[in-house]
Number of protein chains: 2
Amino acid sequence: MTVDQSADETSGVRRRRPRGAVRDGLVAAGLELARTGGPDAVVLREATRMVGVVPNAAYRHFAGRDELLAAVCRAALRELADRMAAAVARVRGKHGDPAAARRRLHAIGTAYLEFAREEPGLFATAFALPTRHDYGAPDDGTGQERTPLDHLRAVLDELVDAGVLDRRRRAGIEYPIWSAVHGLAVLTGQGPLRDVPDATRRHLQERMRTFIDESLA
Amino acid sequence: MTVDQSADETSGVRRRRPRGAVRDGLVAAGLELARTGGPDAVVLREATRMVGVVPNAAYRHFAGRDELLAAVCRAALRELADRMAAAVARVRGKHGDPAAARRRLHAIGTAYLEFAREEPGLFATAFALPTRHDYGAPDDGTGQERTPLDHLRAVLDELVDAGVLDRRRRAGIEYPIWSAVHGLAVLTGQGPLRDVPDATRRHLQERMRTFIDESLA
DNA sequence: TGAGGAAGTGGACGCTGTCCACTAATCTGC
DNA sequence: GCAGATTAGTGGACAGCGTCCACTTCCTCA
């Protein structure tokens, strides 16, 4: 598998690639490696090989392997956020409708868990920040991105507007809910519950749904 | 730092160590490495160095680095389970007393989160099983050990006996609760919330407590 | 047009996990 | 009590990894 977008074989020429091509290619390659093997699988030399460049070329774009991994993490996190946003958008029903708001909360949690199950490598990578950095810090300076937490908050606010969630219980409730869903994803994905049969996993997921639902009332 | 218990310097003699000493030493060394650097830090060669033995000697006791890591994981998990058990045992009040049962549930969650905060390396390692293996599978054949999940279950059963938790809500509730606490530990420990100030972390923990408390009633 | 920086190459180093061949200490059965 | 088999260690090697330094080549801009 190669990610090289402008191969320039035959000639040993350098710098035939457009501006940020190598950097972008490295991130794309790292994302591919992370997809199949998680954060540990994003190895610098392999990424450069996929791009068709010598290992040291990576050091023109990243301070080292950790910085490359950080970029891959951000990309993975963005993919998760995008899936959550898409899942919420798919739910019909206008803002303020109690049933629709509940469905949106359910959709957001399901999207989270589905991403963790369908893309375990990317999910693990999204939360394997190698170096300290703010959650969802802007990647390329294009302003703040919407993080998974932002999407969850929006839905919870709607639940308050719809009268489903008592306003006095709203403050900070995104954290236990996020924790619960994230914890389930981790335990059943990479953790001790990862080998439970599919039926059990669905059952756990359903149990989580009722648990959260009851905590709203 | 060395873990060698029966150094035998001066002579190049082999096999001066008692029966399982090298194996135990390797696990202890790995545990030490994991304590300071997490699962990635348990490197086979370094462990053998700490034990005072040549790298290849490890292959007499483990099939490879992953198997050593698995043993270290089990040890870390046991330490977590022990802390939880100790925390529960410290709570006074006889079985069936509602207030005492609640305190025990709180104690068990707090112990979990404290372990994750005080020993982030060990906590990460406890859940970084490199190979598939049953949760809390017996390590050395000395019968089943009590896992963190076992301890949680016992306390939840007591909450039912004490009339705090409705029996109809009991079934499977250990999973969302475990997930919630585990998720909080991961998010604030290694995850995106790891850099929040201490006061915020305590606040999140308290919010989790009320969240779970309300879900019982 | 020419200087200077940006981006890629080449080679090297130390570290890792792992394999193979070998040897010395211990255990076992007679 | 000793000979053979087993076990637990040594020694040397290999490929792959991240990273550093020196060098070259292309592109940009004054």
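Here is a short conversation about how some descriptions of this predicted model are reached.

Student: What makes up the secondary structure of chain A?

Tutor: Chain A has nine helices and zero strands. Read along the sequence, its pattern is α-α-α-α-α-α-α-α-α.

Student: Why are helix 3 and helix 6 of chain A called roughly parallel or roughly antiparallel?

Tutor: Let's begin with the angle. The axes of helix 3 (residues 65–90) and helix 6 (residues 148–161) of chain A cross at roughly 25 degrees and come within 8 Å. Angles under 35 degrees count as roughly parallel, and therefore these two helices of chain A are roughly parallel to each other.

Student: Which residues meet there, in helix 3 and helix 6 of chain A?

Tutor: From helix 3 of chain A come A:Leu80, A:Ala81, A:Met84, A:Ala85 and A:Val88, and they meet A:Pro148, A:His151 and A:Val155 in helix 6 of chain A. The residues of this contact divide into seven nonpolar, one polar and no charged.

Student: How do you know which way helix 8 and helix 9 of chain A run relative to each other?

Tutor: The reasoning is the same kind, with another angle. The axes of helix 8 (residues 174–189) and helix 9 (residues 198–216) of chain A come within 11 Å and cross at roughly 170 degrees. Angles over 145 degrees count as roughly antiparallel, so that is what helix 8 and helix 9 of chain A are called.

Student: Which residues of helix 8 of chain A meet helix 9 of chain A?

Tutor: They are A:Ile177, A:Ala180, A:Val181, A:Leu184 and A:Thr188, and across from them in helix 9 of chain A are A:Arg201, A:Leu204, A:Met208 and A:Ile212. This contact divides into seven nonpolar residues, one polar and one charged.

Student: A:Arg194 is in the loop between helix 8 and helix 9 of chain A. Why is A:Arg194 called buried, exposed or partly exposed?

Tutor: Count the other C-beta atoms within 10 Å: A:Arg194 has 15. A residue needs 20 or more to be buried and 12 or fewer to be exposed, so a count in between makes it partly exposed. That is why A:Arg194 is called partly exposed. Leaving aside neighbours within four places in sequence, A:Arg194 is in contact with A:Thr188 and A:Gly189. A:Arg194 and A:Arg117 are 77 residues apart in sequence, and their C-alpha atoms are 9.8 Å apart in space.

Student: What makes helix 8 of chain B largely enclosed by the rest of the structure?

Tutor: In helix 8 of chain B, 14 of the 16 residues are buried, so the helix is largely enclosed.

Student: How do you know that the length of helix 8 of chain B agrees with what it should span?

Tutor: At 1.5 Å a residue, the 16 residues of helix 8 of chain B should span 22 Å. The C-alpha atoms at its ends are 22 Å apart, so the two values agree.

Student: Why is the relation between chain A and chain B that of a two-fold axis?

Tutor: Look at the turn and the shift. Chain B can be laid on chain A by a turn of 180 degrees and a shift of 0.0 Å along the axis, with an RMSD of 0.0 Å. That is the relation of a two-fold axis. The same surface serves both copies, as 100% of the contact residues of chain B recur in chain A.

Student: Which element of chain B gives the most to the side that touches chain A?

Tutor: In total, 24 residues of chain B are in contact with 25 residues of chain A. Helix 8 of chain B gives the most to that side, with nine residues. The residues of this side of chain B divide into 14 nonpolar, six polar and four charged.

Key: Residues are numbered from 1 along each chain as its sequence is written. Chains are lettered from A and ligands numbered from 1 in the order in which they are written. This is a predicted model: local features need pLDDT of at least 70, side-chain atom pairs count only at pLDDT 80 or more; totals for chains, interfaces and linings use all residues. Helices (H or I, at least four residues) and strands (E, at least two) are DSSP runs, numbered from the N terminus. The expected span of a helix is 1.5 Å times one less than its number of residues. Copies are superposed by least squares on the C-alpha atoms of residues with pLDDT of at least 70 in both. Two residues are in contact if their C-beta atoms, placed from the backbone, lie within 7 Å. Ala, Val, Leu, Ile, Met, Phe, Trp, Tyr, Cys and Pro count as nonpolar, Asp, Glu, Lys and Arg as charged, and the others, Gly among them, as polar. Axes are lines fitted to C-alpha atoms, for helices over the stretch in contact, and angles run from 0 to 180 degrees between N-to-C directions. Angles under 35 degrees count as roughly parallel, over 145 as roughly antiparallel, 65 to 115 as roughly perpendicular and the rest as oblique.
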